[in-house]
Amino acid sequence: MNRRTRKKKKKKKLRVFGCLFLILFLIAGGYAVYLSIKLANASFLAQEDLERGRKSELREQPVDPKKDNFSVLFIGVDARPGEKKSRSDALILASFNKDEKSIKMVSIPRDSRVEIPGHNLDKITHAHAFGGKDLTVQTVENLLNIPVDYYVELNFNAFIDIVDALGGVEVNSDREFTEQDSKGRKNAIHIKKGVQTLNGEEALAYVRMRKKDPLGDIGRGKRQQEVIKAIIEKSSSLSAITKYDDIIDSLGKNLTTNFSIGNILALQKYAGSISSIESLTIDGYDNPINGTYYYQLEEDSLEEVSTELREHLEYNAMLSSNLDQ
């Protein structure tokens, strides 16, 4: 094998690794949901920039994941075939610190009552229905007071295919329950209490259920983290290597992002942190208004999480530096 051939193969392996690494974060970001996209091939993810361009309005300069701290908003879109407008079913903001090579992540409950630009106070899930990913990104920026540098949208099909390609994931359910499947058929999925291996449809139902959980969104968040860890552990095993092509191919029509291939490859340095992501929680309480259920975020908790994310991104220091210049 000549030097040129070895170099070409090495570049291909790096691209595949970058895509696989992103897949793990996509899973963390939404446990999958409906939306339109393309995967050019097993190594390249299609791009779709935001209307604002590549730079957040809260940034002086565009960020580069290879040398800057950055943030990613993972959007799970609750859409049905033929729908032109859809709500977000999951929103997770992750921050990446280049020096610590660390990752922090916070989930924003879909029923959180927040200010949506141009639409007053409403459930954050409706931001996507009102203005797609662009308004969703803007709403999260306003809520957390930090720039959202990148976004990723993922659908139900991708999640199901990934879990099935891995041969299922093992969970330990603290309760028995039934839940609808990805096609909306009620009580189609039966989850038993205790340790069990779930296929893709079952895993999706396991992480989506909340109405039958006394802890609501908090309980769903715990199950989501459990499945994320199970997928990460199984994906990193030697037995999963032969299934990587299937996993990547499953994202072909189920993913959209403003990550470039260069951005994806820059994620390699965070590989050692993926199994030790620090989870943050915004505390809140049930707040029904005029017969409509809302989740009211506690201001002190919201400010605490915002501050921690800003510090992790070193965003305050960056602003001070720009003001001094």
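# Worked exercises on a predicted model

In strand 3, I103 is the bridge partner of F96. The exercises below start from that pair, and every value in them is computed from a predicted model.

**Exercise 1. Determine how strand 2 and strand 3 pair, and place K101 with respect to them.**

Step 1. The pair of F96 and I103 belongs to a ladder in which strand 2, residues 87–97, and strand 3, residues 102–107, run in the antiparallel sense over 6 bridges.

Step 2. K101 sits in the loop that connects strand 2 with strand 3, and although K101 is not a glycine, its phi is positive, at about 55 degrees.

Step 3. The relative accessible area of K101 is 39%; because buried means under 20% and exposed means over 50%, K101 is classed as partly exposed.

**Exercise 2. Describe the open sheet by its strand order and its edges.**

Step 1. The sheet has 6 strands in the order 11-6-1-2-3-12, and its pairing is mixed.

Step 2. Strand 11 (255–257) and strand 12 (278–280) are the edge strands, since each of them pairs on one side only.

Step 3. On average, and with direction ignored, neighbouring strands of this sheet are turned by 20 degrees against each other.

**Exercise 3. Characterise the hairpin of strand 4 and strand 5, with attention to the positive phi values of G118 and N120.**

Step 1. Strand 4, residues 113–116, is joined to strand 5 by 4 bridges, and the two run antiparallel; in strand 5, N120 is the bridge partner of I116.

Step 2. The hairpin has 3 residues between its strands, and G118 takes a positive phi near 85 degrees.

Step 3. N120, which is placed in strand 5 (residues 120–123), likewise has a positive phi, near 60 degrees, while being a residue other than glycine.

Step 4. The relative accessibility of N120 is 56%, and because the cut-off for exposed is over 50%, N120 counts as exposed.

Step 5. T139 in helix 2 (residues 126–144) offers a view of the surroundings of strand 4: not counting residues up to four places away in sequence, T139 touches V114, E115, I116, P117, I124 and A127. With 0% relative accessibility, T139 counts as buried.

**Exercise 4. Assign the side chains of strand 7 to faces, and identify the strand with which strand 7 pairs.**

Step 1. A regular strand has side chains that alternate between the two faces of the sheet.

Step 2. Strand 7, residues 169–173, shows such an alternation: V169, V171 and S173 point to one face and are buried, whereas E170 and N172 point to the other face and are not buried.

Step 3. Strand 7 is joined by 5 bridges to strand 10 (residues 194–198), with the two running antiparallel, and the bridge partner of V169 in strand 10 is L198.

**Exercise 5. Classify the packing of helix 3 against helix 4.**

Step 1. Two packed helices are described by the angle between their axes and by the distance between the axes.

Step 2. For helix 3 (residues 156–165) and helix 4 (residues 200–208), the axes come within 7 Å and cross at roughly 120 degrees. That makes helix 3 oblique to helix 4, because angles of 65 to 115 degrees would count as roughly perpendicular and angles over 145 as roughly antiparallel.

Step 3. The crossing of helix 3 and helix 4 is right-handed.

Step 4. On the side of helix 3, the residues that meet helix 4 are F156, F159, I160, V163 and D164, and their counterparts in helix 4 are G200, E201, A203, L204, V207 and R208.

**Exercise 6. Locate K55 and describe its surroundings.**

Step 1. K55 lies in the loop between helix 1 (3–30) and strand 1 (70–78), and its relative accessibility of 28% counts as partly exposed.

Step 2. Not counting residues up to four places away in sequence, K55 touches E60, Q61 and P62.

Step 3. K55 and Y150 are 95 residues apart along the chain, and their C-alpha atoms are separated by 9.0 Å.

**Exercise 7. Summarise the protein as a whole.**

Step 1. The protein contains 9 helices and 14 strands, and 53% of its 325 residues count as buried.

Step 2. Among contacts between residues at least 6 apart in sequence, 68% join residues at least 24 apart.

Step 3. The protein exposes about 15900 Å², of which carbon and sulfur atoms supply 47%.

Definitions and conventions: Residues numbered from 1 in each chain as written. Predicted model: local features only at pLDDT ≥ 70, side-chain atom pairs only at ≥ 80, totals over all residues. Heavy atoms only, no water. Pairing = 2+ DSSP bridges. Axes fitted to C-alpha atoms, helices over the stretch in contact; angles between N-to-C directions. Buried < 20%, exposed > 50% of the residue type's maximum accessible area, 1.4 Å probe, protein only. Contact = heavy atoms within 4.5 Å. Areas by Shrake-Rupley, 256 points an atom, 1.4 Å probe, with all protein chains shown as cover. Parallel < 35°, antiparallel > 145°, perpendicular 65-115°, else oblique. Left-handed = near helix turned anticlockwise from the far one by under 90°.
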